[in-house]
Amino acid sequence: MNHRLAKKVVYRFNGHINLDETQLDPRGELTFKKGTILQRRGKNWKVKFVEFEPVDPKALLSLKVYLVIAPGK
């Protein structure tokens with residue numbers, strides 16, 4: 001694992017902190033854009049916004065992805 005590329009991704013569903021899911025991205029391959037549709041927990045979720053959390057320089061980069069339920073077709 002390259003610690004300079006690795007990051008911790010925290011998914012926040014509908015703004016509920018107690019529903020957060022965390023995923024390790026060891027190679028730094030995951031990217032997120034506003035409006036992108038992701039499938040998590042068996043549902044489609046739309047990326048509302050993404051923010052980096054300030055962390056200790058020795059710790060993994062932390063990325064918070066805020067999701068809202070995607071409108072149905």
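User: Which strands form a hairpin with two residues between them, and what is the phi of Arg41 in the turn?

Analyst: Keep in mind that we're looking at a predicted model. Strand 3 and strand 4 form the hairpin, with two residues between them. In that turn, Arg41 has a positive phi of about 55 degrees.

User: Why does a positive phi get pointed out?

Analyst: Because most residues other than glycine have a negative phi. Arg41 isn't a glycine, yet its phi is positive. Its place is the loop between strand 3 (37-40) and strand 4. With a relative accessible area of 43%, Arg41 is partly exposed.

User: Where does Asn14, with its positive phi of about 50 degrees, lie?

Analyst: Asn14 isn't a glycine either. You'll find Asn14 in the loop between strand 1 and strand 2 (16-25). It counts as partly exposed, at 40% relative accessibility.

User: Let me step back. How many helices and strands does the protein chain have?

Analyst: There are zero helices and five strands. Reading from the N terminus, the elements go β-β-β-β-β. For a feel of the dimensions, the C-alpha atoms fill a box of roughly 45 × 25 × 20 Å along the principal axes.

User: In what order do the five strands sit in the open sheet?

Analyst: Start with the general idea: strands of a sheet pair through backbone hydrogen bonds, either parallel or antiparallel. Here the order across the open sheet is 2-1-5-4-3, and the pairing is mixed. At the edges stand strand 2 and strand 3, each with a single partner strand, so one side of each has no neighbour in the sheet. On average, neighbouring strands are turned by 40 degrees against each other, if you ignore direction.

User: Do strand 1 and strand 2 run parallel or antiparallel, and how many bridges join them?

Analyst: They run antiparallel, joined by six bridges. For one concrete spot, look at Phe13, which stands opposite His16 in strand 2.

User: And how many bridges join strand 3 to strand 4?

Analyst: Four, and these two strands run antiparallel as well. Try finding Leu38: its bridge partner is Trp45 in strand 4. Then move on to strand 4 and strand 5, which pair in the antiparallel sense over eight bridges. Val50, for instance, has Val65 in strand 5 as its bridge partner.

User: Now the side chains. Where do they point in a strand?

Analyst: In a regular strand they alternate between the two faces of the sheet. With that in mind, let's look at some rings. An aromatic pair needs ring centres within 6.5 Å. By that rule, the count is three aromatic pairs. One of them is Phe13 with Trp45, an edge-to-face pair at 4.8 Å centre to centre, with 70 degrees between the planes.

User: Why does the pair of Phe13 and Trp45 tie together separate parts of the sequence?

Analyst: Phe13 lies in strand 1 (residues 7-13) and Trp45 in strand 4 (residues 43-53), so the pair links parts that are 32 residues apart in sequence. Both Phe13 and Trp45 are buried.

User: Is the pair of Phe49 and Tyr66 stacked or edge-to-face?

Analyst: Stacked: 4.2 Å centre to centre, with 20 degrees between the planes. Phe49 is in strand 4 and Tyr66 in strand 5 (residues 61-69), so this pair ties together parts 17 residues apart in sequence. Buried means under 20% relative accessible area. Tyr66, at 13%, is therefore buried, whereas Phe49, at 36%, counts as partly exposed.

User: Which ring face does Arg41 lie over?

Analyst: The face of Phe13, at 4.1 Å from the ring centre. Arg40 lies over the face of Tyr11, at 4.0 Å from that ring's centre.

User: One last residue: is Asp25 buried or exposed?

Analyst: Buried, at 3% relative accessibility. Asp25 lies in strand 2. Leaving aside neighbours within four places in sequence, Asp25 is in contact with Leu5, Ala6, Lys7, Val9 and Leu30.

User: And what share of the 73 residues is buried?

Analyst: Buried residues make up 26%. The chain exposes about 5,400 Å², and carbon and sulfur atoms supply 53% of that.

Technical notes: Residues numbered from 1 in each chain as written. Predicted model: local features only at pLDDT ≥ 70, side-chain atom pairs only at ≥ 80, totals over all residues. Heavy atoms only, no water. Phe/Tyr/Trp six-rings, centres within 6.5 Å; stacked < 30°, edge-to-face > 60°. Buried < 20%, exposed > 50% of the residue type's maximum accessible area, 1.4 Å probe, protein only. Lys NZ or Arg CZ within 6 Å of the ring centre and 35° of its normal. Pairing = 2+ DSSP bridges. Axes fitted to C-alpha atoms, helices over the stretch in contact; angles between N-to-C directions. Areas by Shrake-Rupley, 256 points an atom, 1.4 Å probe, with all protein chains shown as cover. Contact = heavy atoms within 4.5 Å.
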